[in-house]
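These are my notebook entries on the structure shown below. I record what I looked up, topic by topic.

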Amino acid sequence: MNRTTLSLIGAVTALAAITTTAVLTGAGDPAPVAKAVAERLPVERSTLLCPAPAASELAETTYTAFTPKGEAPTDGKQKGEVARQGEGAGANTAELRPVARAGGGAAPKPADGKGDAKDRPKPVVPLSEAGKPAVGTTSDAAAPALMGTADGALAPGWTVQQTTVVSAGIGRGALGASCTAPDTEFWFPGVSTGKERQDYIHLTNPDDAAAVVDLELYGTKGAIKVTGGEGITVPAHASVPVLLSTLTAEPVADAALHVVVRDGRVGAAVQAVDAKLGSDWLQAAADPSGSAVLPGIPADATSVHLIAFATGGNDAELAVRLAGPGGRLAPAGHDTLQIKSGMAVATDLGDLTKGEPGSLLLTPADGARADAPFVAALRVVRGKGDKQETAFIPAVGRIDQRATAADNREKGGTLSLVAPGEATTVRVTASAGSEGGTPVAKEYTVKGGTTLAVQPPVPSGGKGGHALTVEHLSGGPVHASRMLELPKDGIPMFTVQTLPDDRGTVAVPAAEQDLSLLTE
């Protein structure tokens, strides 16, 4: 759920244009014809929150920050004013700073420049220019959550990813998370309060006032009785982890978590640790809808587990289809899915992909009602025996304009593109490396109803990590994810990040007036 902030001066300019219409129209005068035209302008500030990484002495975490290069707006008065505002008041900055752990002492000074510079914590992966990622690492088992902002030219599309590798012990695996914008509501289908899992919901507050959060859990029988999940206070500029199994005495293996913010706003992500299947971050699913796309199931997945929850007042009857390289297929024995209102449902799809990459498409079944919103996610396992590793793929919205995966390496990356409707064309750009190199771009066309899984381009002569940016050029909707493989000691460690649109631009209404009726 990537929320963006509308440029103040852009909004004022648009309102000024509308106000001019009122001024020029007097009593009895012919009304000028006004044409409202929505214009997309770059955002001027982005806020992101990163959860505290795995608390392990064997953990190594990499942070990667990136803003895609964009054309500076030059045509039109509104665009010029927006660009000038971004250049003023010390803009064109992007950095993250640590926040306090709840109960762990006073919160750091905010990361927005308030207070004395010497009192503020040191920035993490500060970004100095668009088009080139900044990379930093830490092995601190007590590394805190992070919050920060990007302003001016570095705000549109600012993306930060944290990738942690825990080499052994409880929680071993690769854990990847895209840092998210603060919001007031999140859905996490796929959480567990079972004995084999330790799931923590991390709540991070970026604002100057405390936030108040309610946590709701739903299982296959409906709402789960929760104790201590209401009115959780998240102090200003602080992060609060909550172990979900402490909220209920009822162990539930397949549940949906609903995070509702009463006051303020927070960032939210679930760290799921399985005693046998490794660990990863479960990030919020796309907003409830009557259909869903879950992109990027690995070709060698040994287990695919679907969890869905009907959020509205209507039952959902869904058609289940696998979009593979050759088109849509109905999984044998799992071609439909029934979800009762207010209840979760879980389905084990086994080795669904049969050696080919794919994506799961959930749509209303023939004759079923379309107004039955739901949320969904997949738990995917690779490997066998004691060398299994898990990752999550939540449903994700389409890429309207652009999306970015910030942390990519020279090897081990797979980009999955799915066109659930008509064929679509995208451009994929590998940025310069964090330590040098030249960007490389390539266009791909995805046939309708298929998944295209590719080894994405890498920068020419690139050194260090690089970012991948996907731009929608033409055709039908496209959804995407990026899998990063980081094998270790025979364990196929991996993580999958879905790629929602980066909301780097915002629609601003403009008015065009025909004043010809006012002239003689």
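Entry 1, a sheet. I worked from a predicted model. I looked up an open sheet of four strands and found the order β29-β34-β31-β32, paired antiparallel. I noted β29 (402-408) and β32 (440-446) at the edges; each has a single partner strand, so one side of each lacks a neighbour in the sheet. From one strand to the next, I recorded an average twist of 20°. Inside this sheet I followed the pairing of β31 (residues 424-430) with β34 (residues 466-475), which is antiparallel and runs over seven bridges. I then asked which residue of β34 stands opposite Arg427. I found Glu471 there.

Entry 2, the disulfide. How many disulfides does the count give? I obtained one. Cys50 and Cys179 form the bond, with their sulfur atoms 2.0 Å apart. The torsion about their S-S bond is about 110°, so I entered the disulfide as right-handed. I placed Cys50 in strand β2 (residues 45-50) and Cys179 in the loop between β10 (173-178) and β11 (185-191). The two cysteines are 129 residues apart, and the pair thus links distant parts of the chain. Is Cys50 buried or exposed? Its relative accessible area is 0%, and I therefore listed Cys50 as buried. Cys179 has 7% relative accessibility; because the cut-off for buried is under 20%, Cys179 also counts as buried.

Entry 3, the pairing of β17. I next examined strand β17 (residues 255-263), which is joined to β11 by six bridges in an antiparallel arrangement. In that pairing I found Trp187 opposite His258 of β17. Strand β13 (residues 211-219) also runs antiparallel to β17, and I recorded seven bridges between them. Here Tyr218 stands opposite Ala256 in β17.

Entry 4, nonpolar cores. I noted the general tendency of nonpolar side chains in soluble globular proteins to be buried together. Which residues have the most contacts inside the largest nonpolar core? I listed Leu294, Ile297, Ile339, Leu360, Leu362 and Leu378, in a core of 30 residues. I then took Ile297 and looked up what it touches, leaving out residues up to four places away in sequence. Its contacts include Val304, Leu322, Leu352, Pro357, Leu360, Leu378 and Ile393. Thr353, Gly358 and Ser359 are also among the residues that Ile297 touches. Apart from the largest core, I entered another core, of 28 residues. Leu217, Leu257, Val270 and Ala272 are among the members of that other core.

How values were computed. Residues are numbered from 1 along each chain as its sequence is written. This is a predicted model: local features need pLDDT of at least 70, side-chain atom pairs count only at pLDDT 80 or more; totals for chains, interfaces and linings use all residues. Side-chain values use heavy atoms; hydrogens and water are left out. Two strands pair if DSSP finds at least two bridges between them. Axes are lines fitted to C-alpha atoms, for helices over the stretch in contact, and angles run from 0 to 180 degrees between N-to-C directions. A disulfide is a pair of cysteine sulfur atoms within 2.5 Å. Buried means under 20% relative accessible area, exposed over 50%, partly exposed in between (1.4 Å probe, protein chains only). A nonpolar core is a set of buried Ala, Val, Leu, Ile, Met, Phe, Trp, Tyr and Cys residues joined through side-chain atoms within 4.5 Å. Contact means heavy atoms within 4.5 Å.
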